[in-house]
Amino acid sequence: MIVRTPPMGWNTWNTFGENINEALIMETCDAMVEKGLRNAGYQYIVIDDCWSMDERDSEGRLQADPVKFPHGMKYLADYIHSKGMKIGMYSCCGPRTCAGYPGSLDHEFIDAKFFADNEIDYLKYDYCYHPRNLNCSTLYNRMRMALNATGRDIVFSVCNWGDDGTLEWIRAVGGDLYRSTGDIEDSFRSIMDIFNSQINNFALSGPSCFNDMDMLVCGMNNKGNVSAGGCTFEEYKTHFALWCMAQSPLMIGCDVRNVDDDILALLKNPDLIAINQDPGVRPIIPVNMFNEERYPAYAKHLENGEYAFSLTNLEDETREVFLILADMGLPLDGHWGFKLRDCITGEEIDRVAEDIIKAEVKAHSTKVFRGKLVRVR
Ligand code: GAL
């Protein structure tokens, strides 16, 4: 199965860590439907680490923790499927997961069968405790083969944090998305560090090969498993805008049962999601001749011939930010400009942008525009 556009969904880890259970998953699934997130495109409910018993059963199979998941995983899969969504689970290349539960090393085929028998649609596969005598690509290739052998379509979410030359072999081994960095934290610094580390790595992104910059922290407000001070709303906006521009998977990490209205609207923003889901999956082009450190700006070709632009302000005050169109090759002869819409407010901009795109951007915030190249005169 080809995964044509970046997977979208929700994952337990960022907010709940090991505190997961059946009721939480079902309530989250309900909230995703009731709050319009499913219809906005968020499809997968992913149960991360800490779902299993400490030991396998007498036949070597993984077993769900009966206190956390009293009806087992197939029950949850049925519930999630009945709501028109899909279910993801988690395991690890090593003998133990990162949190110390049984990992899949040397049990890949039996575990893949367990996931398929439970009608799981997506597997996140981690890299803790991996053996040093087997290389990373071999371990991921092995699990991909095991998943394929089940005959069930299962999205393969590789989570080796970009280690061991991932870009060289990720397409070969059949990963559909690959974590390119260490874990995100709920802070603006973490968001920008992750994004900046990947600016030159998007060329490989495409169907069934999405650069996964980790789950979203939007709306976590410094509560949960990855808190590190939290972010302002404008910072969460920058996070979401950049993950959309770069076409990273969009896995919500906050508690959607109690999500703030402004965050919910941001996560459902149709223009930003359309950029994230653009079938062309063209990498972003850095477009800024002046002070790109403080005002990073990017352009992107979209599949229908339009363009998307983002302008970020890293200063601590509102600033006018400029995106220099000549920097992406537009001739400065006054004949061409961009007719744009502000993706976040939905406002159509009357004035055609010639030479520069100019926007007032709040501290640590981002504006995103999309539109057509038009003949001016
Ligand atoms: C990390 C992974 C996180 C989360 C965690 C679970 O290695 O990057 O996203 O899955 O393990 O223990």
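1. Asp106 sits in the loop that runs between strand 3 and helix 5. In this predicted model, Asp106 has a relative accessible area of 59% and is therefore exposed, the cut-off being over 50%. Asp106 is separated from Cys218 by 112 residues in sequence and by 37 Å in space, taken from C-alpha to C-alpha.

2. Helix 5, residues 108-117, follows that loop. Its buried residues are Glu108, Asp111, Ala112, Phe114, Phe115 and Ala116. These buried residues pack against strand 3, strand 4 and helix 6 (136-149). Just after helix 5, Glu119 adopts a positive phi of about 60 degrees.

3. Ser91 belongs to strand 3, which covers residues 86-92. Its relative accessibility is 1%, so Ser91 counts as buried. The side chain of Ser91 makes a polar contact of 2.6 Å with the side chain of Ser104. With neighbours within four places in sequence left aside, the contacts of Ser91 are Gly103, Ser104, Asp111, Phe115, Leu123, Lys124, Tyr125 and Asp126. Of these, Asp111 and Phe115 are also listed among the buried residues of helix 5.

4. The surroundings of the ligand deserve a separate point. The residues around the ligand are Trp13, Asp48, Asp49, Tyr90, Cys98, Ala99, Lys124, Asp126, Cys159, Trp161, Arg179 and Asp183. A polar side-chain atom of Lys124 is placed 2.8 Å from an oxygen atom of the ligand. For Asp126, an N or O atom of the side chain is 2.8 Å from a ligand oxygen atom. For Trp161, the corresponding distance from a side-chain N or O atom to an oxygen atom of the ligand is 3.0 Å. Lys124 and Asp126 also appear among the contacts of Ser91.

5. How many cavities of 30 Å³ or more does the structure hold? There are 2. The largest cavity has a volume of about 80 Å³. Its lining consists of Asn11, Val46, Tyr122, Lys124, Ser157, Leu177, Arg179, Asp212, Asp214, Met215, Pro249 and Met251. Strand 4 (122-126) and strand 6 (177-179) are the elements that give two or more residues to this lining. By class, the lining of the largest cavity comprises 6 nonpolar, 2 polar and 4 charged residues. Lys124 and Arg179 are found both in this lining and around the ligand.

6. The second largest cavity holds about 40 Å³ of space. Asp49, Cys50, Trp51, Ser52, Tyr90, Thr97, Tyr101 and Pro102 form its lining. These residues divide into 5 nonpolar, 2 polar and 1 charged. Asp49 and Tyr90, which line this cavity, are also among the residues around the ligand.

7. Which elements each supply at least two residues of the lining of the largest pocket? They are strand 13 (336-342), strand 14 (356-361) and strand 15 (366-375). The largest pocket contains about 330 Å³ of space. It is lined by 13 residues, of which Ile349, Arg351, Ala353, Ile357 and Lys358 are the closest to its centre. The lining of the largest pocket has 7 nonpolar and 6 charged residues, with no polar residues.

8. Asp342 is located in strand 13. Is Asp342 buried or exposed? Its relative accessible area is 2%, and Asp342 is therefore buried, the limit being under 20%. A polar atom of the Asp342 side chain lies 3.1 Å from the backbone nitrogen of Thr345. The side chains of Asp342 and Lys367 are joined by a polar contact of 3.3 Å. Leaving aside neighbours within four places in sequence, Asp342 is in contact with Glu347, Ile349, Lys367, Val368 and Phe369. Ile349 is also one of the residues closest to the centre of the largest pocket.

9. The second largest pocket has about 210 Å³ of space. It is lined by Asn196, Ile199, Pro286, Val287, Asn288, Glu292, Glu293, Arg294, Pro296, Ala297, Tyr298 and Leu314. By class, this lining has 7 nonpolar, 2 polar and 3 charged residues.

10. Helix 8 spans residues 188-198, with Phe188, Ser190, Ile191, Met192, Ile194, Phe195 and Gln198 buried. The elements covering these buried residues include strand 7 (210-212), helix 9 (233-245) and strand 10 (297-301).

Key:
Residues numbered from 1 in each chain as written. Predicted model: local features only at pLDDT ≥ 70, side-chain atom pairs only at ≥ 80, totals over all residues. Heavy atoms only, no water. 1 Å grid on protein atoms, 1.4 Å probe; cavity = no way out; pocket = protein on both sides within 12 Å on 5 of 7 lines; lining within 4 Å. Points joined across faces, edges and corners; volume = space filled by probe spheres on them. Helix = DSSP H or I, 4+ residues; strand = E, 2+ residues; numbered from the N terminus. Nonpolar A, V, L, I, M, F, W, Y, C, P; charged D, E, K, R; others polar. Buried < 20%, exposed > 50% of the residue type's maximum accessible area, 1.4 Å probe, protein only. Polar contact = N/O pair within 3.5 Å; in protein donor to acceptor, adjacent residues only side chain to side chain. Contact = heavy atoms within 4.5 Å. Near = heavy atom within 4 Å.
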